[in-house]
Structures are given as C-alpha cells and as structure tokens.
Amino acid sequence: MMDEKEMKYQFMTILTETHPGLTFEEYRDCCIFLLFFQYLCLRYDDRLDEEYKLNMMVRLAIRGKLQMDSFLRFLQNTSAQLHLYCSDFYLTDFSFYKQLLDVQPLEKQKSYARFFRKIIKKIEAWEKEECLYECYPACFEALVQEFASMKKDTAIPANIVELYQAFGGEHLRKDGISVFQPEFRYGTLLRAVVGDSSQPKLFGYEKSDEYIEYMTMLSFMYEIPKEQWFFVDQKQWLGTKHFLGKADRVCIYMPDGVEAGDYLTAEEENKMVKKLFNLRTKGELPLLLSAFPILKEDGDLMAILPSALLYREGKEAQVRKYLVEDMNCLDTIVLLPDSVFPSLGQQEVFLYIKKNRKQKDIMFFDCSTCDSFDSDLIKEIKKARKSRKDVTGFCSCVQQEEIQENDYNLNLPRYIKQVVGFEVVDINEKRKRIAEIEQELKEIDQRIEMYRCDLELDRFVR
C-alpha cells in the first residue's frame, strides 16, 4: 500500500517529464487538468460507466490512437455523465478544454497528443485508490505549489506563509473561519491561513481563469461545500454584495505594489475613501481602507506591500493618520529583509491591522538587516509582539502621541533605537604589533645601509 510520502513522490515525478512542443503554461495546465480528471474518475468510480473512466483513455493512449480530436470527444462525452454525480463541474467549461478547441497548427496538436499519451499512462499506473481521500488533495496541492515556484511571479515564499500563520494563529482553529484574498495566485496563502479550521469559507478574485480553476479544484478536493467558496474575476467580485461584513480575515499579498484607484469593494462602499483621498493618491493605503467593508467587527487584515507607503508624503500622510488615530487599527509593522524578495529591487513591509482593537500603540519590527528570515526569527517577532516591549535594534512599542509628533511618518528608523557597536581593543596585542613594526622598520634601515655601501653611494656625497 502506497503511503502519502510515496504518493507525493509520484506526483512530483511529473515535473521531470519532458514536454517538447509545449510552453510551460500549456504543460502545467495539461498536468493539472488531467490529474483533476483522474480524481473525479476515482471519486465516482462506482457510478461511472466503464467507457467514461480514465482507463478507457489509457487504452487509446497505448494503442497510439489518442489524438487531439479523440481526446476532445472523450472529454465531451464524459463531462455530461460526470455532471450527473458532480453538479459543480462540466469538464468542458474549464479554460484548458476551451483552449484546446482553438489549437489549430498540426504540430501543436501532435505535441499535445504525445504528452496526453505519456502523462495518462503514467498516472494510471499509480496505486492510489486506497489513500485517495487522505492523500490526493495534499499531493495535488503540493504539485500545484511546485509549479508556482517554477515561475516566480506566482510563488509565495514559505517563510512569508509562516509569517501570515504566526499572526493569524488565534483564529486558525476557529470553525467556519471566513477568509478573503484578492489575487490569490495558486491559493498557497489562502489555504495556509485557514489552517485546520473546519468548513472554512473562502472568497477571492483573480485576473486569470486558470488560477480561479485551481482554487475551485482544491476546494472541491478538500470537500468544502460549494456554497462556502466563491472565486471569480475582479469585475464579478466588485459587483457582488453578499460578502460584505462576512470576512474574519483579509489576506493581501501584493509585494509589487498597487495601482492608484484599485479597491477591494465596489464604488458605493468606498465613498468615504474617495472623499478623503483622491484617486491620484498611491494605491496601497486606500486599498487597505477599501477592505474594511468586507471585515466583521472583530476581523483582521494582513498585508505585504512596498515599504514606501510608510513615509510617502501628501495625501498618504492623511491616510496613515486615519489608520493610526481615527481608526486605531494599525497594530504591527514588520520591515522585511531584501533576501525575501531579491528580484523586486525594493523593500517590502508586513502590516497587521485589527478592527476595534483596545491597544493604543503600534509594534515596529526592523528585520531589514537580518541575515535570514526564518522560523526562529518569526517566533521572536510573535513573542515580542505579545509582550509589547522594546528590544534595541529589533523592535519598539510606540504610542500614538509619538507617531503624531512625527506627522504620522511610520519610517522605522524614527522609532527603533539601533545598537551602537564598540570594538573591544586588546592593548597588549596592539603593543605587540607595534613592536613588530618597529623591528621591521629597523631591518629595512639596515638593508638600505647595506645597499648604500655596496653601491659606494657615500663617496658621491659631499
């Protein structure tokens, strides 16, 4: 019997398969779609007719008859029967299937057909029935995340996921936790922040259809009921009202920054934001404010954004004042080291915002000079935040009055005292070195005198 470790290894071997003629995105979407189809076939194995199961496609592949046209016909016929038992899906509605319909060049069709035959035979050979419900979803998610790491713009570093978990820990065991994440990419962060919560409610929007489909697949595999997840494109999200005031948590991950005028809720929910701050204001802080209509009264928000939002002048100073003083919601600021996002060429900051909090202070953490941002450092951040004490060179608990005196500039050097280093001088060692230098100078003078004698330089001197 194959355990989860072995099954995960089998999934990951997909990454070593060659895929000549296909782009990375085509290869990735092909693997993910076929694995999901396999999952559906196994889940409904006792109900599907034999002609609609994956092993029928395997027979076609072994005979070499699985070409693009036969593959599409098979999916079209199978999609209808699967829908009888799984009303959430028509396989023919997936973007991958629709893209295949538009593939015209014969060489590209042959490339797809070759890869279909290879990957279908591979996954059908796995022994997986006995651990399907226990292992398959986690292995599938691990593979999807590995695909994300192969393309940097869709990957979330593991230490950043751990940071979100550290700040959201008090809610992770809350049953039915509701989480909203815009631009969730591969869902790496979204799944991490709901933890082991029973029946979480997940909301989010994405700009790309395939990411929406990946989150849909994962939610279905984790047996989260359809009414408890809602993943759409941004335009559809902004036109939907039923999520207002429903989220325990909003998780924002936008290290590249936000365009001015981008909001997480529709225009009518952001009249206050637009009234206070015009559209020319940089996007990050107004974006944070636009999330408040989504949150419950005790909800929180975690975000990674460019650190320039801490000190930019003009309208943004008013936004910071609103967050710090009027709303009293900004709880923690962590300046991250360059090593976390080395390719962006700018520093990023982690913000923790809490609605209706009792404290009147803000915790500042300067991790910008840390050699590594690892689990031990994250534990230290969590511990210091709980105690709300100052640690020279690392963190400081700052009252609102001090921030007001600094005109709501949140740049960390204003608040964290740096350690002034003093070099310990070994006097005896220095004296010894001076004696060595004096001896070297004496030897040099002797050599010079010897050279003068050899060259008879003295007789030319009057």
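How many nonpolar, polar and charged residues does the lining of the second largest cavity have? In this predicted model, that lining has eight nonpolar residues, no polar residues and one charged residue. The second largest cavity has a volume of about 40 Å³, and the residues lining it are L285, L288, L309, L310, R320, L323, L330, L351 and L410. Among the elements of the structure, α13 (284-290) and α14 are those that give two or more residues to this lining.

One of the lining residues of the second largest cavity, L323, may be followed further into its surroundings. L323 belongs to helix α14, which covers residues 315-326, and with a relative accessible area of 3% L323 is buried, since buried refers to a relative accessible area under 20%. When neighbours within four places in sequence are left aside, the contacts of L323 are with L285, L289, F292, N328, C329 and L330. Of these contact residues, L285 and L330 are also named in the lining of the second largest cavity. The C-alpha atoms of L323 and I353 lie 8.9 Å apart in space, while the two residues are separated by 30 residues in sequence.

The structure holds two cavities of 30 Å³ or more, and the largest cavity has a volume of about 70 Å³. The lining of the largest cavity is made up of D29, I32, F33, F94, S95, F96, Q99, E210, E213, Y214 and M217, with α2, α5 and α10 as the elements that give two or more residues to it. The greatest share comes from α10, which gives four residues to the lining of the largest cavity. By class, six of the residues lining the largest cavity are nonpolar, two are polar and three are charged.

Besides these cavities, a pocket was examined. The second largest pocket contains about 540 Å³ of space, and of the 20 residues that line it, D93, I212, E213, T216 and F231 are the closest to its centre. Two or more residues of this lining come from each of α5 (95-101), α10 (209-221) and β3 (229-233), and β3 gives the most, with five residues. The lining of the second largest pocket divides into eight nonpolar, five polar and seven charged residues. E213, which is among the residues closest to the centre of this pocket, is also one of the residues that line the largest cavity.

Salt bridges were considered next, and the count comes to 25. In one of them, the side chains of E17 and K118 meet with an N to O distance of 4.0 Å. E17 lies in the loop between α1 (4-12) and α2 (24-43), whereas K118 lies in helix α6 (residues 106-124), so the pair ties together parts that are 101 residues apart in sequence. With a relative accessibility of 19%, E17 counts as buried, while K118, with a relative accessible area of 32%, is partly exposed.

A further salt bridge is formed by the side chains of R28 and D29, at 2.9 Å from N to O, and both of these residues are buried. D29 is, in addition, one of the residues lining the largest cavity. R433 and E440 also form a salt bridge, in which the closest N and O atoms are 3.8 Å apart. R433 is partly exposed, its relative accessible area being 41%, and E440, at 39% relative accessibility, likewise counts as partly exposed. Elsewhere, D331, R357, D361, R385 and R388 are joined into one network by salt bridges that share partners.

Turning to the cysteines, the count of disulfides comes to zero. For C370, the closest cysteine sulfur is that of C367, at 4.6 Å, which is too far for a bond, because a disulfide requires a pair of cysteine sulfur atoms within 2.5 Å. C370 is partly exposed, with a relative accessible area of 23%. In the case of C395, the closest cysteine sulfur belongs to C397 and lies 8.7 Å away, again too far for a bond. C395 is buried, with a relative accessible area of 2%.

Methods
Residues are numbered from 1 along each chain as its sequence is written. This is a predicted model: local features need pLDDT of at least 70, side-chain atom pairs count only at pLDDT 80 or more; totals for chains, interfaces and linings use all residues. Side-chain values use heavy atoms; hydrogens and water are left out. On a 1 Å grid over the protein atoms alone, a cavity is a set of points where a 1.4 Å probe fits but cannot get out, and a pocket is an open set with protein on both sides within 12 Å along at least five of seven lines; lining residues have an atom within 4 Å of a point. Grid points are joined across faces, edges and corners, and a volume is the space filled by probe spheres set on the points. Ala, Val, Leu, Ile, Met, Phe, Trp, Tyr, Cys and Pro count as nonpolar, Asp, Glu, Lys and Arg as charged, and the others, Gly among them, as polar. Buried means under 20% relative accessible area, exposed over 50%, partly exposed in between (1.4 Å probe, protein chains only). Contact means heavy atoms within 4.5 Å.
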